[in-house]
Amino acid sequence: MKNQAEKVKKMIMKPLQFGAVALLCGAMLVGCSSGDTENTAADEQEEVGLASQAAEAPVEDDGKGVGPVKTVEVGEGIDEALAAEGKTIFEGKCSACHQLTDQKIVGPGLAGVTERRKPEWIMNMIINPEVMTKEDPTAKKLLGEHLTQMTNQNITEEDARALLEFLRQNDTKG
Amino acid sequence: METLINKLKKAAPRATLLMALAAGSTLQSCGDPDTKGNAKDDAVASNAAEAVYVAPGEHDELYSFLSGGFNGQVSVYGLPSGRLLKIIPVFTQFAENGYGYNEESKAMLQTSHGFVPWDDLHHPKLSRTDGMADGRWLFVNGNNTPRVARVDLKTFETVEIMEIPNSAGNHCSPYPTNNNEYVLAGTRFSVPLDMKGGTQDVSLSDYKDKFRGSISFIKVDPEHGDMELDFQILVPGFDYDLANGGKGPSNDWVFFTTYNTEKSATLKELGASQNDRDYLAAINWKLAAKYAAEGKAKEMPANYYHNKMDHGSHTAKSTVKKTVRYLLPEDCPGMMYLLPAPKSPHGIDVDPTGEYMVVNGKLASSLPVFSFSKMQKAIEDKDFDGEVNGIPVLKYESVLKGEVKEPGLGPLHTEFDGKGNAYSTMFVSSEVVKWSLEDLQVKDRMPVYYSPGHLMIPGGDTREPYGKYMVVMNKITKDRFLPTGPELMHSAQLIDISGEKMKMILDFPTVAEPHYAQAIKADLVAPNSVKFFKLDENTHPEAVKNEKDVSMTRNGRTVKVNMTSIRSHFTPDNIEGVQVGDTVLFHVTNLEQDWDVPHGFAVMGANNAETLIMPGATQTLRWVPKQAGIFPFYCTDFCSALHQEMQGYVRVSPRGSNVPITFSTGEKKPVPPASASVN
């Protein structure tokens with residue numbers, strides 16, 4: 001724990017150089033970590049927060065995520081056949097961790113996901129989860145929240161497209 | 001051999017047995033352990049660390065496969081780093097992944113003697129295409145309860161084990177011909193065959209008349225590698241020690257060293273060292289196959305197991321074979337000859353050109369090199385020196401190219417660098433000797449620590465050795481590593497053989513006692529390596545590919561739980577309705593389709609084992625609860641941040657209670673906001 005506290009201290013040294021907000025933050029953290037081993041939950045909490053916030057220059061985020069999918073054509077209506085295909089894949093490869101409601105199990109509930117995220121982002125997250133949680137700011141935050149690396153189920157781009165259609169269908173059902 | 005070692009130990013109690021090389025026969029003790037560093041300083045090249053350094057994140061040039069000897073396993077090391085990459089269980093149960101413990105793999109270790117979960121694995125041999133290692137399979141032998149196994153190098157898993165009938169001590173095995181037409185397996189200890197699949201109950205004084213050996217010809221399916229025992233040759237009752245196949249001009253031949261041509265049944269250490277010469281047995285395998293195909297083979301009853309792992313279901317099945325075909329050398333002219341060899345020969349090694357056969361006589365002072373073309377001529381000229389059981393014995397002088405004089409003490413094995421040089425291990429004088437095939441003169445010597453058995457040059461037994469490295473496998477490790485009590489890891493030593501002089505560049509510990517090794521360039525194996533099993537292709541009858549299909553059923557006193565695992569939960573994780581004394585079969589399917597995410601499964605108090613399930617595979621753990629209560633189960637292989645939470649409970653009720661079978665995973669409930677949430 002001592003090491004962890006020291007790590008937190010080291011990590012905050014950088015932000016400390018950058019103005020008042022960081023200073024304030026920093027002061028709070030030093031307060032925590034000087035309490036040494038007791039407030040471990042707080043240490044961990046802040047460490048995660050800092051790890052994802054500090055140090056790196058902000059990435060330009062077009063909301064499409066990181067991965068092979070650059071553009072996706074999405075129709076006005078739902079391609080029912082494609083969505084049905086997506087449903088089968090979802091049940092086999094995704095439902096162990098994701099509900100179609102807003103219920104979290106291992107990963108977040110997927111209700112409304114097509115409204116929250118761009119279609120490219122959704123497909124990249126499905127195809128390329130490890131890189132997404134390392135490089136995409138939104139995916140990084142989700143990892144911080146759910147703490148389980150999304151499983152790479154080796155889903156093809158074609159199957160990811162079907163999954164996207166299924167999630168769109170799920171969101172239009174209201 | 002044992003007495004020699006003991007003598008040496010007495011002479012040099014600190015046992016740093018360095019030979020005074022110039023003297024050739026004088027033994028010298030290094031004495032004080034503090035001065036042992038001298039030997040190291042002399043032997044190790046100054047740039048050794050650089051020569052073996054493989055930077056973090058980089059891969060080795062070669063895979064090497066070392067037999068585990070008495071642990072029944074194969075260990076895979078990267079070269080030149082000496083990093084341990086994997087241990088492959090073959091003839092042994094393995095506590096790391098449940099091999100031989102889980103219900104799917106138990107059949108692999110079945111034999112006609114019952115379940116034999118521990119054997120002595122001696123020689124790995126890589127499959128071949130056109131005389132070169134092709135990186136598809138690795139064949140290995142079980143010495144004690146005679147078996148030959150095949151390891152698939154796509155998965156580095158044992159996929160087939162076949163028991164060898166009419167064999168006792170399957171030592172000179174398994175040697176593939178140059179296109180895997182056959183894998184050959186010979187018996188070390190001869191036995192009195194009853195010609196019905198067993199051995200006779202006879203007096204041991206009847207050895208001379210009743211004991212026989214056998215050489216097995218195992219056919220290999222060119223596409224899938226599946227083995228089949230085609231026929232055997234029943235050979236005179238000697239001890240058959242090691243084998244090697246020819247190449248080039250000698251492509252059709254395979255050679256076996258023999259000892260105990262005296263046919264002694266007792267105190268063989270002495271009894272088998274009476275004759276000045278034993279034999280090298282030369283068999284024309286192509287002619288043997290022709291004789292067998294043409295109906296010269298007879299059939300006798302047999303009883304042996306053939307165990308195969310199914311690709312799709314990852315489940316092994318045993319078949320019991322009831323007959324075997326055999327040839328007798330006396331019925332098959334031209335198939336087999338005996339070449340007089342120095343007393344108690346051990347290794348037989350054929351050089352890359354296929355012209356020279358080097359016979360390593362453990363107790364001989366010189367190392368004879370036979371010539372294949374001279375052997376052909378001698379056969380043609382009928383240059384015989386009598387016969388044994390109808391097998392002609394060729395005249396020593398007629399087949400000899402020459403002898404390497406005073407190579408060292410106790411030559412065991414030889415390999416080749418493809419540049420005209422041979423390297424032989426000297427067991428007693430603890431050194432490797434480099435000599436030239438052309439003039440048979442010794443060119444260099446290097447002390448090794450200690451008592452080397454086999455040595456290996458990658459591809460050193462093929463047409464084109466990769467003559468950059470040599471691995472020497474030592475039988476005695478004392479003082480090479482920090483002490484670990486009476487038992488030490490055996491040492492292997494990596495020697496750079498790219499230059500004129502050998503350079504010692506690395507010591508590394510090995511698991512159990514490696515007898516032989518094979519190595520192959522990484523790019524022949526790595527691109528084919530399987531990373532996970534496709535769930536779609538899982539044909540295990542109890543597989544569950546979707547969480548909604550999990551089930552729990554009772555059939556009499558057997559309860560079947562067909563469940564799944566994925567980061568970071570099992571489905572189901574709450575199980576009720578099990579009763580004391582039930583046989584519970586947990587069929588766990590790992591739903592992951594990602595590399596390096598196996599899930600473990602362990603249940604408290606299981607008397608069998610745990611298991612480890614590869615991504616996309618199904619494995620079964622059998623559990624018989626003995627008392628009522630709550631029993632947790634959990635994942636034993638770290639899989640995610642919430643790995644510890646990957647667990648569940650089984651409720652066990654008293655026998656005859658009326659708790660219904662129920663199972664579940666989770667209820668819909670609000671999840672508290674994660675404490676580590678980021679805004």
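A residue is described here as buried when its relative accessible area is under 20%. The structure is a predicted model, and the elements considered below belong to chains A and B.

In chain A, helix α6 spans residues 119–127, and eight of its nine residues are buried, so the helix is largely enclosed by the rest of the structure. The buried positions of α6(A) are A:Glu120, A:Trp121, A:Ile122, A:Met123, A:Asn124, A:Met125, A:Ile126 and A:Ile127. These buried residues pack against four helices of chain A, namely α5 (113–116), α7 (129–135), α8 (137–146) and α9 (157–172).

In chain B, enclosure is also found in a strand. Seven of the seven residues of β21(B), which covers residues 336–342, are buried, so this strand is largely enclosed by the rest of the structure. Strand β21(B) is paired with β18(B) (residues 277–284) in the antiparallel sense, and seven bridges connect the two. Within this pairing, B:Ala282 has B:Tyr337 of β21(B) as its bridge partner.

An open sheet of four strands is also present in chain B, with antiparallel pairing and the order β22-β23-β24-β27. Its edges are formed by β22(B) (345–350) and β27(B) (400–405); each has a single partner strand, so one side of each is left without a neighbour in the sheet. On average, neighbouring strands of this sheet are turned by 20 degrees against each other, direction ignored. The edge strand β22(B) pairs with β23(B) (residues 356–361) in the antiparallel sense over four bridges, and B:Ile348 has B:Val359 of β23(B) as its bridge partner. Helix α7 of chain B (residues 372–380) packs on the sheet, where it touches β23(B), β24(B) (366–371) and β27(B). The direction of α7(B) makes about 65 degrees with that of β24(B).

Further along chain B, B:Val597 lies in the loop between β41 (583–590) and β42 (599–603). Its relative accessibility is 7%, so B:Val597 counts as buried, the cut-off being 20%. Leaving aside residues up to four places away in sequence, B:Val597 touches B:Arg567, B:Asn590, B:Glu592, B:Pro615 and B:Cys639. The C-alpha atom of B:Val597 is separated by 23 Å from that of B:Asn574, a residue 23 places away along the chain.

Notes: Residues are numbered from 1 along each chain as its sequence is written. Chains are lettered from A and ligands numbered from 1 in the order in which they are written. This is a predicted model: local features need pLDDT of at least 70, side-chain atom pairs count only at pLDDT 80 or more; totals for chains, interfaces and linings use all residues. Side-chain values use heavy atoms; hydrogens and water are left out. Buried means under 20% relative accessible area, exposed over 50%, partly exposed in between (1.4 Å probe, protein chains only). Two strands pair if DSSP finds at least two bridges between them. Contact means heavy atoms within 4.5 Å. Axes are lines fitted to C-alpha atoms, for helices over the stretch in contact, and angles run from 0 to 180 degrees between N-to-C directions.
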